[in-house]
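Good morning, and thank you for making time for this item. I should like to take you through one helix and its surroundings.

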Amino acid sequence: MRYAKKIAAAIAAIIAVPAIAGAATIGGTYYAPQYDFIDFWNAADNKTFQVILDGNPFPNVPADDVARRLLPTMQIAKPRPNLTFTYDNPAEMPRPYYRLVLVFDYANDLGADSVCAGARRTGPGTPGVFKLFAVYCRNDLSLSQTTAWTPATGPDDPRIEQLFRELFLVVFSDSMSLRPNNGLERR
């Protein structure tokens, strides 16, 4: 019996190693006190939601081609509201102006509020690594931010879809602990 358990554990370990090696890594996160998932839901549900890309995670592929191929991947991995990601600028500047900014191969000293204000700085890329800084903005305020990376060979690599699935759960978290008053109304 012990022998069978050891074999089962060894097989599970062998199976888990490739899954762990290919998994996305989500860095540290920050949520502004103003972050509220309900605001995100109201801004995104049954609407288009703008994504702004900066940098090119695959320098051997034209940036426009990378963007075109990433959009359906993000749409498949989208967060819970029934939204449609778009790169298009709004016809009229909405107030408040909600958007997701993804900076690829970001400079280490790039701050989220400066990203929301329009600053973008990239650093040297790492071949074979899809690395980004994700910032959810309302006007010039960063509501949430995180970093993420995964090994990837191109824009169609399935590991990128998994990264977006994990990333969107973090950037657009619906955790009760992040809600004002923990979801309790005060009267």
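Consider first the length of helix α3 in this predicted model. The helix has 14 residues, and at 1.5 Å a residue these should span 20 Å. The C-alpha atoms at its ends are 20 Å apart, which agrees with the expectation.

Which residues of α3 are buried? They are Asp-65, Val-66, Ala-67, Leu-70, Thr-73 and Met-74. On the spacing of such positions, an α-helix has 3.6 residues a turn, so residues three or four places apart point the same way. The buried residues of α3 pack against four strands, namely β2 (48–54), β3 (84–86), β4 (98–104) and β5 (129–138), and also against helix α5.

I turn now to that helix partner. The axes of α3 (residues 63–76) and α5 (residues 158–171) come within 9 Å of each other and cross at roughly 50°. That angle makes α3 oblique to α5, and the crossing is right-handed. On the α3 side, the contact is made by Leu-70, Thr-73, Met-74 and Ile-76; α5 contributes Ile-160, Glu-161, Phe-164, Arg-165 and Phe-168. By character, the residues of this contact divide into six nonpolar, one polar and two charged. Leu-70, Thr-73 and Met-74 thus appear both among the buried residues of α3 and in its contact with α5.

Finally, the wider setting. The protein has five helices and six strands, in the sequence pattern α-β-α-β-α-β-β-α-β-β-α. Of its 187 residues, 40% count as buried. Among contacts with a separation of 6 or more, 69% are accounted for by residues 24 or more positions apart.

Methods:
Residues numbered from 1 in each chain as written. Predicted model: local features only at pLDDT ≥ 70, side-chain atom pairs only at ≥ 80, totals over all residues. Heavy atoms only, no water. Axes fitted to C-alpha atoms, helices over the stretch in contact; angles between N-to-C directions. Helix = DSSP H or I, 4+ residues; strand = E, 2+ residues; numbered from the N terminus. Parallel < 35°, antiparallel > 145°, perpendicular 65-115°, else oblique. Left-handed = near helix turned anticlockwise from the far one by under 90°. Contact = heavy atoms within 4.5 Å. Nonpolar A, V, L, I, M, F, W, Y, C, P; charged D, E, K, R; others polar. Expected span 1.5 Å × (residues − 1). Buried < 20%, exposed > 50% of the residue type's maximum accessible area, 1.4 Å probe, protein only.
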